[in-house]
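Trainee: I would like to go through this model and ask, for each label we attach to it, what value stands behind the label. Could we take the sheets, the helix packing, the pocket and the backbone in turn?

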Amino acid sequence: MSGNNIKYEFPAVETANEDGLLTIGGPLNAERVIAAYRLGIFPWFNRPPVLWWFMNPRFVIFPEKLHISKSLKKEIQKSPFTLTFNQAFKEVVLNCRNVKRKGQAGTWITNDVVDVYTELHERGIGISVEAWEKDELVGGVYGLKIGNIFFGESMFSLRDNASKIAFVHFINELKNDGVKLIDCQVYSKHLENFGAELIRGSTFSKILKKEIAD
């Protein structure tokens, strides 16, 4: 039986524990990932089995509330990078996996994650923005766009401000494309500086139902 003929079901998101863990196990494939994200559930693990999460409260950015600091505005005006969209999706994912991050010993972007999200990109669901310095990819952001929601996954930067500038342009592009909410999943001070805020899980679910058509 092909994955397209399987209906993937998850426990009610209200049953997630206080850390956000909802359920454990099952396959990691494109159809199940789509089914999960439509409910605000996402996979996050560094070795099998797959762990599926629903964070409450949820960390999000409303595009119209995007905050850009004065210093970043000055950097954006300099146009230090060439920005493209969906031109190097897999390379962005691989860089997000390989770039060392302070305070992190490993990564959740396994080979299976790379394969599944690359397939989603080929289906027009996985999207990315890339920052280039001449011919070198030096920054980027990727995630999934389903309906009018963008589910942000990860970003990387090999040059100062590369991912920040790419992120700002990405949000403006998504806003112009009708996106109503950027899902950041979990709190970070870095994204709070861009105007990200915590909302109730129930509010997040209501927005998903409204903005993701059946």
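Mentor: In this predicted model, helix H4 (residues 111-122) lies across strand S6 (126-133), S7 and S8, and the helix runs at about 75 degrees to S7.

Trainee: What makes S7 and S8 a pair of strands?

Mentor: Two strands pair if at least two bridges are found between them, and eight bridges join strand S7 (residues 136-146) to strand S8 (residues 149-157), so the requirement is met. The two strands run antiparallel, and Gly 143 stands opposite Gly 152 in S8.

Trainee: Why are S5 and S10 called edge strands?

Mentor: The open sheet has seven strands in the order S5-S6-S7-S8-S9-S4-S10, with mixed pairing. Strand S5 (82-85) and strand S10 (197-199) each have a single partner strand, so one side of each is left without a neighbour in the sheet. From one strand to the next, the twist averages 35 degrees.

Trainee: Which strands are at the edges of the sheet with the order S1-S3-S2?

Mentor: That open sheet has three strands and antiparallel pairing, and its edge strands are strand S1 (21-24) and strand S2 (42-43), each of which pairs on one side only.

Trainee: How do you know that S1 and S3 are paired?

Mentor: Three bridges join S1 to strand S3 (residues 51-53), and since at least two are needed, the two strands count as a pair. They run antiparallel, and the bridge partner of Thr 23 is Trp 52, in S3.

Trainee: Turning to the helices, why is H1 called roughly perpendicular to H4?

Mentor: H1 and H4 pack at an angle of about 80 degrees, with their axes 9 Å apart. The label covers angles of 65 to 115 degrees, and the value for this pair makes H1 roughly perpendicular to H4. Ala 30, Val 33, Ile 34 and Tyr 37 in H1 meet Val 116, Tyr 117, Glu 119 and Leu 120 in H4. By class, the contact of H1 with H4 has seven nonpolar, no polar and one charged residues.

Trainee: What makes H2 and H5 roughly perpendicular?

Mentor: The axes of helix H2 (residues 70-77) and helix H5 (residues 162-176) come within 10 Å and cross at roughly 85 degrees. Set against the range of 65 to 115 degrees, that crossing makes H2 roughly perpendicular to H5. On the H2 side the contact involves Leu 72, Glu 75 and Ile 76, which meet Lys 164, Ile 165, Val 168 and His 169 in H5. The contact of H2 with H5 has four nonpolar, one polar and two charged residues.

Trainee: Which helix gives the most to the lining of the second largest pocket?

Mentor: H7 does, with five residues. Helix H1 (30-38) and helix H7 (201-211) each supply at least two residues of that lining. The second largest pocket holds about 320 Å³ of space, and of the 16 residues that line it, Arg 38, Leu 39, Ser 205, Leu 208 and Lys 209 lie nearest its centre. By class, the lining divides into nine nonpolar, two polar and five charged residues.

Trainee: How do you know that the peptide bond from Pro 48 to Pro 49 is cis?

Mentor: The label goes with an omega near 5 degrees for that bond, and Pro 49 has its place in the loop between S2 and S3. A cis peptide bond also joins Asn 56 and Pro 57, where omega is about 5 degrees, and Pro 57 is in the loop between S3 and strand S4 (58-61).

Trainee: What is the phi of Ser 79, and where is the residue found?

Mentor: Phi of Ser 79 is near 50 degrees, which is a positive value in a residue other than glycine. Ser 79 is found in the loop between H2 and S5.

How values were computed:
Residues are numbered from 1 along each chain as its sequence is written. This is a predicted model: local features need pLDDT of at least 70, side-chain atom pairs count only at pLDDT 80 or more; totals for chains, interfaces and linings use all residues. Side-chain values use heavy atoms; hydrogens and water are left out. Axes are lines fitted to C-alpha atoms, for helices over the stretch in contact, and angles run from 0 to 180 degrees between N-to-C directions. Helices (H or I, at least four residues) and strands (E, at least two) are DSSP runs, numbered from the N terminus. Angles under 35 degrees count as roughly parallel, over 145 as roughly antiparallel, 65 to 115 as roughly perpendicular and the rest as oblique. Contact means heavy atoms within 4.5 Å. Ala, Val, Leu, Ile, Met, Phe, Trp, Tyr, Cys and Pro count as nonpolar, Asp, Glu, Lys and Arg as charged, and the others, Gly among them, as polar. On a 1 Å grid over the protein atoms alone, a cavity is a set of points where a 1.4 Å probe fits but cannot get out, and a pocket is an open set with protein on both sides within 12 Å along at least five of seven lines; lining residues have an atom within 4 Å of a point. Grid points are joined across faces, edges and corners, and a volume is the space filled by probe spheres set on the points.
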